[in-house]
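The exercises below are meant to be worked through with the sequence and the 3D view open side by side. Try each task before reading the solution that follows it.

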Amino acid sequence: MFQFNSGDMIVSPPRSDSSSPAPASSPSGFSTPATSSSVLFDNAISNLSILQGLLSDDQYVLVTGGLGYIGSHTTLELLKANYNVIVIDNLSNAFESVVDRINLLAKQHHEKEGTPMPIFKYYCQDYQDTDALRSLLDEYKLPSRWGAPKSKIIGVIHFAAHKAVEESIRNPLKYYSNNVRGLIDFVGTLDEYGIKTFIFSSSATVYGTLATSGSPLREELCVHKTEVVEHPDGSRKTVQPGSTGITNPYGRTKWMCEAILSDLALSDPEWTIVALRYFNPIGCDSSGLLGEDPRGTPTNLLPVVVKVMTGQIPELRVFGTDWDTDDGTAVRDFIHVTDLAQGHIAALNAAVHGALRENFRTFNLGTGNGHSVMEVVETMEKATKKPIPRKAVDRRAGDVGYCVAAAGRSKDELQWTTHKTLTDACNDICTFLKVSGHLG
Ligand code: UD1
């Protein structure tokens, strides 16, 4: 159906969504700052041999939701790491112009490195549209002599999901249908095509009330089959599967999907599945061309801070100043989205190369360090050199005071660690706002 060469970026016609927006717009309306070389990424490459990318020219990674906030940054890092990438995205919370921006940044990277640009293809479709998915997967089928299906797609990174906590409380069936039922159908179809390497976007929300313990959260605190856990002091404890105190349907969908994927991996050893538990992703690519651009009203801290900085909201409401923390505001593990994106590549490499301890494994993606809401606001004030109006209000329902990752497992088993700071994230957000004309 498509003719392409290495280096081409192909935007497919919409397959089944007749209401799809117009074709990708050109990035020419943006002033492109010189893309500073990704020093951190380059360091990461030299530190981590796992970021080596493509196995062969004719192998692909399929990314669902690859134009959203985390998806777009991950797609870019995959292309930089020499993977051929196929993105599917229904644009429910993303814009098609992101395709051009990813393409531009990846090409700039490869021109600078003197390396060939991998193939990048975008299909405007919903990951739940099984007919469209089958047509796509048919294009990448490999001949198989013994009947077992084979594909040029070596792995899938699955971002496509609804993620607004408050909306999930108002409309839980929308969340269970898209996030859970959609996942079951999706992995069932992948299974038919012999695609059994899967990286799942999970969340620290799966820890439920454990987040109130005040200690960094370790992966073994939330498991999906009985596990014996060894503590640093040498004591052993049996942990039963389950989770308590997840406060909203969105969070429950993440836990349910993890449990389903764990069961799938147990039933079929050919599957290799990683669930990545994100802490609080912030920031954007240092070029300022990609960023967090949600279609709806934001509720997460940094997107709200941005609305205040751009004058769309008069002041930030700081939810709770009486937490048991140094300055009384809540503490979170804020992770730069580029570090987070590289965590996916580390997980994919470990999965593809059979380097995981079990064929279902969970990893926290966090820095291991906490910053308070007030520290975030003050760091952003330094970055933008302007005051950010705020007022203290009551705690938000369902919030916890302290939620920070234990980062050891990702470091030990994925050889992945974060490099960027809160200051980097705030500076990069300011660049994004300047590039997009929202900040003088
Ligand atoms: C939220 C979600 C969580 C999701 C995570 C990552 C809720 C209840 N939880 O976590 O399920 O996995 O994002 O995206 O939404 N804050 C303010 N003023 C604001 C906004 C936030 O003070 O206008 C405070 C919050 O009270 C919190 C901190 O900033 O203490 C971080 O909030 P947020 O960005 O919404 O993330 P989480 O609550 O950690």
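**Exercise 1: The ligand shell**

Strand β13 contributes four residues to the shell around the ligand, which is the largest share. Keep in mind throughout that this is a predicted model.

Task: Work out which elements give two or more residues to the shell around the ligand, and which side chains place an N or O atom 3.0 Å or 2.8 Å from an oxygen atom of the ligand.

Solution. Begin with the residues around the ligand, of which there are 19, with Leu301, Arg317, Arg332, Arg396 and Asp399 coming nearest. Sorted by character, the shell consists of 10 nonpolar, five polar and four charged residues.

Next, turn to the polar atoms. The side chain of Arg396 brings an N or O atom to 2.8 Å from a ligand oxygen, while for the side chain of Asn300 the corresponding distance is 3.0 Å. A polar side-chain atom of Asn280 also lies 3.0 Å from an oxygen atom of the ligand. The ligand by itself would expose 730 Å², and the protein buries 87% of that area. Finally, the elements giving two or more residues to the shell are α8 (301–309) and β13 (316–319).

**Exercise 2: The length of a helix**

Task: Decide what span helix α3 (residues 97–113) should have at 1.5 Å a residue, and compare that with the distance between its end C-alpha atoms.

Solution. The expected span is 1.5 Å times one less than the number of residues. For the 17 residues of α3 this gives 24 Å, and the end C-alpha atoms lie 25 Å apart, which agrees. Then look along the helix for buried positions, among them Ser97, Val98, Val99, Leu105, Ala106, His109 and His110. Just after α3, Gly114 adopts a positive phi of about 70°.

**Exercise 3: Strands and their partners**

Task: In the open sheet that contains β14, establish the order of the strands and find which strands stand at the edges.

Solution. The sheet has three strands in the order β17-β14-β19, and its pairing is mixed. Because β17 (371–372) and β19 (402–403) each have a single partner strand, they stand at the edges, and one side of each is left without a neighbour in the sheet. Strand β14 (residues 331–332) pairs with β19 in the parallel sense over two bridges, and here Arg332 stands opposite Cys403. Arg332 is also one of the residues that come nearest the ligand.

For a second pairing, take β9 (residues 227–230) and β10 (residues 236–239), which run antiparallel and are joined by four bridges. Glu230 stands opposite Arg236 in this pair. Five residues lie between the two strands of the hairpin, in which Gly234 takes a positive phi near 95°.

**Exercise 4: Buried or exposed?**

Task: Classify His344, Lys385 and Gln415 as buried, partly exposed or exposed.

Solution. The cut-offs needed are under 20% relative accessible area for buried and over 50% for exposed, with partly exposed in between. His344, which belongs to helix α9 (residues 337–352), has a relative accessible area of 1% and is therefore buried; its side chain makes a polar contact of 2.6 Å with that of Tyr278.

Lys385, in the loop between α10 (373–384) and β18 (390–393), reaches 72% and is therefore exposed. Gln415, in the loop between α11 (408–414) and α12 (422–435), counts as partly exposed at 40%. Although neither is a glycine, phi is positive in both, near 60° for Lys385 and about 50° for Gln415.

How values were computed: Residues are numbered from 1 along each chain as its sequence is written. This is a predicted model: local features need pLDDT of at least 70, side-chain atom pairs count only at pLDDT 80 or more; totals for chains, interfaces and linings use all residues. Side-chain values use heavy atoms; hydrogens and water are left out. Buried means under 20% relative accessible area, exposed over 50%, partly exposed in between (1.4 Å probe, protein chains only). A residue is near a molecule or strand if one of its heavy atoms lies within 4 Å of it. A polar contact is a pair of N or O atoms within 3.5 Å; within protein, one must be able to donate a hydrogen and the other to accept it, and residues adjacent in sequence count only if both atoms are side-chain atoms. Accessible areas come from the Shrake-Rupley method with a 1.4 Å probe; for residues, only the protein chains shown count as cover. Ala, Val, Leu, Ile, Met, Phe, Trp, Tyr, Cys and Pro count as nonpolar, Asp, Glu, Lys and Arg as charged, and the others, Gly among them, as polar. Two strands pair if DSSP finds at least two bridges between them.
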